[in-house]
Amino acid sequence: MSRLGRGLLATAALLAPFWLQNPYYLHVAIMAGIFAVLAMSLNLLLGYTGQLSLGHAAFFGIGAYTSALLTLQREWSFWLALPAAVALAGVAGWAIGRLALKLRGAYFVLVTISFAGVVSLVSVNWMELTNGPLGLPGIPVPTLGPWSLRSKTAYYYLVLAGAALSWLVCRRLVHSRIGRAFVALRENEPLAESVGVDGTRYLVIAAVVSAGMAGMAGSLYAHYTKFVSPEVFLFTYTVTMVIMVIAGGKGTLAGPVVGAVLFTALPEALREATSWQWQMLAYGVILLLLVFFLPSGIVPALSARRRTPTETPAPLPAAKGHAVGAASSPPPIAPTRAAGGGHAALPKRPAPAGARLQVRDLTVRFGGVAALGGVSFDVEPGTITSLIGPNGAGKTTAFNAITGYLTPTGGDVVFADGRLSGLRPCDVARRGVVRTFQKTSVFPALTVTDNVMIGLHLQGRAGLAGTIARRRRVQDEEAGLAAQAVDIIEFVGLTSRRDEVASALSYGELRLVELAVALAAAPRLLLLDEPAAGLTTAEKTAVSALIRAIREQGVTIFLVEHDMRLVMDVSDTVIVLNHGRVIARGAPAAVQADPEVIRAYLGGAGAA
């Protein structure tokens, strides 16, 4: 949404009490604001990390009960009870996140539902504290100095302030390295971890912030209704939140707000228009129509309509010798500046002397099958070392074991005097060891620039508090990361495509995006798993030049590749695997002439 649009909406929200003269309409507006906070909180999990919480009403209820009990029994001010409600709900979110997010998906859904059920039972049965099913009446109205916020107009502005604060927190998180980590985990978790994004940590951060916001909504609700009971934990509240987020547009900032306003006002409008039976029928029909015609939500649909034809990605100019036309093949990889020098510098990590990869007796077994049987080799710093072998030799298995995607059965992996064995992929990346994947792996729904910005995750240091406060240091860091992203995109030759969505690029360009994401993590050792697979001869030539240019930037390269011409062209050392064992190691020419290598590739008859 443009700045003008946000300004107009803010003005309309501020002036709403002056044209909503009827107290009932103000009541609907207040409830819409409370549900907007709830929907925004759920959207952080569902929309940005892709995790569905079906027990989100538990955090809402915890906030409501905390604020009610502190003001009723401890006689706290509302202004102290509100942050306490946020804090306690956030702690509950942290506990649930630590329990469930290590397993993700369905396990998280089950744990959140169970947690909501447990908290609801506690609220019903702990009579001394919660008054059981009878609830807690007489919750005091907030006061501000000598003024009481008893009138609906005054409370409307309190809720509006809470909703505005929630939106600001969400906006600052989403447009930061933390928000990029959320989206990266939603889109492609293995790739996110390969560039240093700690999945568990960032999903827990999302759970804590989301639960805290839900707790704030609960506190606002309790002091507005002046009564709280176990009904606040009802599953229907969570279902309502989910409907608001999905119908408005999950993964957008405005979507939950639009959904909250629509699905708070809609039942009230139907209640005035017809009987209860027809209300439910009309409500269901409207939901079905929204899902059928606007599957991505209202806000994304409106955003798509506003795009003009000139905003459609323009095709690249055809390379020499390629005709331009509707039926022409995707453009090849553009020649990069790396091929001719003068390329932009890459972000670097200081590489200590002897930053050598040492693999000792590495063994990986799948049941009774040994994919790697005691493999040992070194990758010397500042070199390009290639790992080759027939299909099924264990090359990608070795990469997976080195980078933490597989736990070795035995052996050890050491890089720069630090042990990699047993580390998670994100921790391996923090040691300066970064990889690409055998099958092209990018964040397809994001632009090239956003892909590279995620790759720069380890170059940033901004934490949760600094991001929300939007300190000057955080702003300067974001500007610096954006400048680095421009340099990396230029380095790989994708400047003209940096604003395109990755899914719209050709296969060769996707390979470059994947490489750019890996380079953004500032590797000291870069593992490339078949970077030239599926490329044309011209594209392979460009990739060869790019690999050499990366080595010139001080990056050690460990390469798996089936194209022997490329391997012999770029490699300083070649290691040959066959049936999970090293059968040769040495200079490219010597390995190429080795009879054992020839037999491994061609078989005995072929070698003869």
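What follows is a chat between a biologist and a modeller about a predicted model of one protein chain.

Biologist: Let's start broad. How many helices and strands are there in the protein chain?

Modeller: There are 24 helices and 14 strands. Of the 608 residues, 52% count as buried. The accessible surface comes to about 27,100 Å², and 62% of that belongs to carbon and sulfur atoms.

Biologist: And what share of the contacts with a separation of 6 or more comes from residues 24 or more positions apart?

Modeller: Those residues account for 75% of such contacts.

Biologist: On to charges. Why is the pair Arg360 and Asp378 called a salt bridge?

Modeller: The rule asks for a side-chain nitrogen of Lys or Arg within 4 Å of a carboxyl oxygen of Asp or Glu. In this pair the N to O distance is 2.7 Å, so the label fits. Arg360 sits in strand E5 (residues 357-366) and Asp378 in strand E6 (residues 369-379), 18 residues apart.

Biologist: Why is Asp378 called buried, and what is Arg360 called?

Modeller: Buried means under 20% relative accessible area. Asp378 has 18%, so it counts as buried. Arg360 has 35%, and because that falls between the 20% and 50% limits, Arg360 is partly exposed.

Biologist: What makes Asp529 and Arg435 a salt bridge?

Modeller: Their closest N and O atoms are 3.6 Å apart, and the limit is 4 Å, so the pair qualifies. Asp529 is in strand E11 (residues 525-529) and Arg435 in strand E10 (residues 433-435), 94 residues apart along the chain. Both Asp529 and Arg435 are buried.

Biologist: How do you know that Asp563 and Lys540 belong on the list of salt bridges too?

Modeller: The closest N and O atoms of that pair are 2.8 Å apart, which is within 4 Å, so Asp563 and Lys540 form a salt bridge. Asp563 lies in the loop between strand E12 (556-560) and helix H22 (564-570), while Lys540 is in helix H21 (residues 537-552), so the pair ties together parts 23 residues apart in sequence.

Biologist: Which of those two is buried, and which is partly exposed?

Modeller: Asp563 has 18% relative accessibility, under the 20% limit, so Asp563 is buried. Lys540 has 22%, which is not under 20%, so Lys540 is partly exposed.

Biologist: How many salt bridges does the rule give, and which residues are linked in a network?

Modeller: The count comes to 16. Asp198, Arg424, Asp427 and Arg430 are linked in a network of salt bridges.

Biologist: Now the surface. What makes the nonpolar patch, and what area does it have?

Modeller: Trp278, Leu281, Val285, Leu289, Phe292 and Phe293 make a patch of about 690 Å². One of them, Val285, is in helix H13 (residues 276-293).

Biologist: Why can Val285 count towards a patch?

Modeller: A patch residue needs over 30% relative accessible area, and Val285 has 40%, so Val285 clears that bar. The value also lies between 20% and 50%, so Val285 is partly exposed.

Biologist: What is unusual enough to point out about Lys226 and Arg470?

Modeller: Phi of Lys226 is near 65°, a positive value in a residue other than glycine. Phi of Arg470 is near 55°, again positive in a residue other than glycine. Lys226 is in the loop between helix H10 (199-225) and strand E4 (227-228), and Arg470 is in the loop between helix H18 (464-469) and H19.

Biologist: Why are Lys226 and Arg470 called partly exposed?

Modeller: Lys226 has 33% relative accessibility, between the 20% and 50% limits, so the label is partly exposed. Arg470 has 26%, so the label is again partly exposed.

Biologist: How do helices H17 and H19 pack?

Modeller: H17 (residues 448-455) and H19 (residues 472-492) pack at about 115°, with axes 9 Å apart. Residues in the contact include Val452 and Met453 of H17 and Leu481 and Ala485 of H19. The crossing is right-handed.

Biologist: Last one: why is Val555 called buried?

Modeller: Val555 has 7% relative accessible area, under 20%, so buried is the word. Val555 lies in the loop between H21 and E12. Leaving aside neighbours within four places in sequence, Val555 is in contact with Pro523, Arg524, Leu526 and Ile550.

Conventions. Residues numbered from 1 in each chain as written. Predicted model: local features only at pLDDT ≥ 70, side-chain atom pairs only at ≥ 80, totals over all residues. Heavy atoms only, no water. Patch = residues over 30% accessible without salt bridge, like charges linked within 9 Å, V, L, I, M, F, W, Y side chains within 5 Å. Areas by Shrake-Rupley, 256 points an atom, 1.4 Å probe, with all protein chains shown as cover. Helix = DSSP H or I, 4+ residues; strand = E, 2+ residues; numbered from the N terminus. Buried < 20%, exposed > 50% of the residue type's maximum accessible area, 1.4 Å probe, protein only. Axes fitted to C-alpha atoms, helices over the stretch in contact; angles between N-to-C directions. Left-handed = near helix turned anticlockwise from the far one by under 90°. Contact = heavy atoms within 4.5 Å.
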